[in-house]
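Trainee: I am new to this structure and would like a close look at one part of it, the place where a single strand meets its surroundings. Please also show me how that part fits into the rest.

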Amino acid sequence: LEYTFWEGQPVWMENLATYSGFHLSHTARFCGLNTGIFLPLQQGGKAVAMLELFSSQTLPFHKESLELLQQVTVHLGYVISRVHMQADLIHSQQRLSEAQRLAKMCSWEWDLDKDKGYWEPVIEEILGYIPKQEMRAFLAPLSPEEARRLKQEFRQATSNGIKELNV
């Protein structure tokens, strides 16, 4: 099955015990397994795992069933891709947070519609306290001039319908 796996081709073995290419045929016979269906899971056109289905019944090859099972493996491939992307995103966020912590910087954002802020936990190290998630509390440590400038930019963004503002 190794060649089949790397080529990404499914295999339907009607009788596992008599198939010479299946190295576990004696185990299958001992367990009472007759039919095996092997479907490579692909990610980006490359086989990354194998879905193995077994039956104690002898199931003759059925093209439509195999096609349906292949569609299942396509969707399982999407799930695998999404899990890998989520892990990559988390790792990237951790690297960014660590770089900002070391540089004594902080990312923050403000939802203008909800008047709610979010900032990285490292802000406590930078400011010496955790500000309340209110605009007034966030602006308190700034100089009056800087606070006026930010308020003006927020007002301008709000009136122009801008959803993202880099200051």
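Mentor: Let us begin with a term that we shall need throughout: a residue is buried under 20% relative accessible area, exposed over 50%, and partly exposed in between, using a 1.4 Å probe and protein chains only. This is a predicted model, in which local features need pLDDT of at least 70 and side-chain atom pairs count only at pLDDT 80 or more, while totals for chains, interfaces and linings use all residues. Residues are numbered from 1 along each chain as its sequence is written, and side-chain values use heavy atoms, with hydrogens and water left out.

First, the overall plan. The chain has six helices and five strands, where helices are DSSP runs of H or I with at least four residues, strands are runs of E with at least two, and both are numbered from the N terminus. Reading from that end, the order of elements is α-β-α-β-β-α-β-β-α-α-α. Of the 167 residues, 23% count as buried.

The part I would pick is T35, in strand β2, which covers residues 35-43. Is T35 buried or exposed? T35 counts as buried because its relative accessibility is 1%. Leaving out residues up to four places away in sequence, T35 touches W12, M13, E14, L16, L53, F54, S55, Q57, T58 and L59; a contact here means heavy atoms within 4.5 Å.

Two of these neighbours offer a backbone oxygen to the T35 side chain. The oxygen of E14 lies 2.9 Å from a polar atom of that side chain, and the oxygen of Q57 lies 3.1 Å from one. Such polar contacts are pairs of N or O atoms within 3.5 Å; within protein, one atom must be able to donate a hydrogen and the other to accept it, and residues adjacent in sequence count only if both atoms are side-chain atoms.

Now follow Q57 outward. Q57 sits in the loop between β3 (46-55) and α3 (63-102). Unlike buried T35, Q57 counts as exposed because its relative accessibility is 52%. With residues up to four places away in sequence set aside, Q57 touches N34 and T35. Q57 and G32 are 25 residues apart in sequence, yet their C-alpha atoms are 8.7 Å apart in space.

Two other neighbours of T35, W12 and F54, lead us to the aromatic side chains. The structure holds two aromatic pairs; rings of Phe, Tyr and Trp (its six-membered ring) pair if their centres lie within 6.5 Å, with planes under 30 degrees apart called stacked, over 60 edge-to-face, and the rest tilted. W12 and F61 make an edge-to-face pair, 5.6 Å centre to centre with 75° between the planes. This pair links distant parts of the chain, 49 residues apart: W12 is in strand β1 (residues 11-13) and F61 is in the loop between β3 and α3. W12 counts as buried, with 16% relative accessibility. F38 and F54 are also edge-to-face, at 5.6 Å centre to centre and 80° between the planes. Here the partners are 16 residues apart, with F38 in strand β2 and F54 in strand β3. F38 is buried at 1% relative accessible area, whereas F54 is partly exposed at 37%.

Past that loop comes helix α3, where we can turn to charges. The structure holds four salt bridges, each a side-chain nitrogen of Lys or Arg within 4 Å of a carboxyl oxygen of Asp or Glu. One of them joins E67 and K63, with the closest N and O atoms 3.8 Å apart. These two residues both lie in helix α3, four residues apart, about one turn of the helix. E67 is partly exposed because its relative accessible area is 38%. In helix α3 too, E98 and R101 meet in a salt bridge, 2.8 Å from N to O. E98 and R101 are separated by about one helical turn because they are three residues apart in that helix. Both are partly exposed, E98 at 36% relative accessibility and R101 at 33%.

To finish, helix α6 (residues 144-160) holds E146 and R149, three residues apart. Their salt bridge brings the closest N and O atoms to 2.7 Å. E146 is partly exposed, with 29% relative accessible area, and R149 is partly exposed with 36%. Salt bridges that share partners join E146, R149 and E153 into one network.
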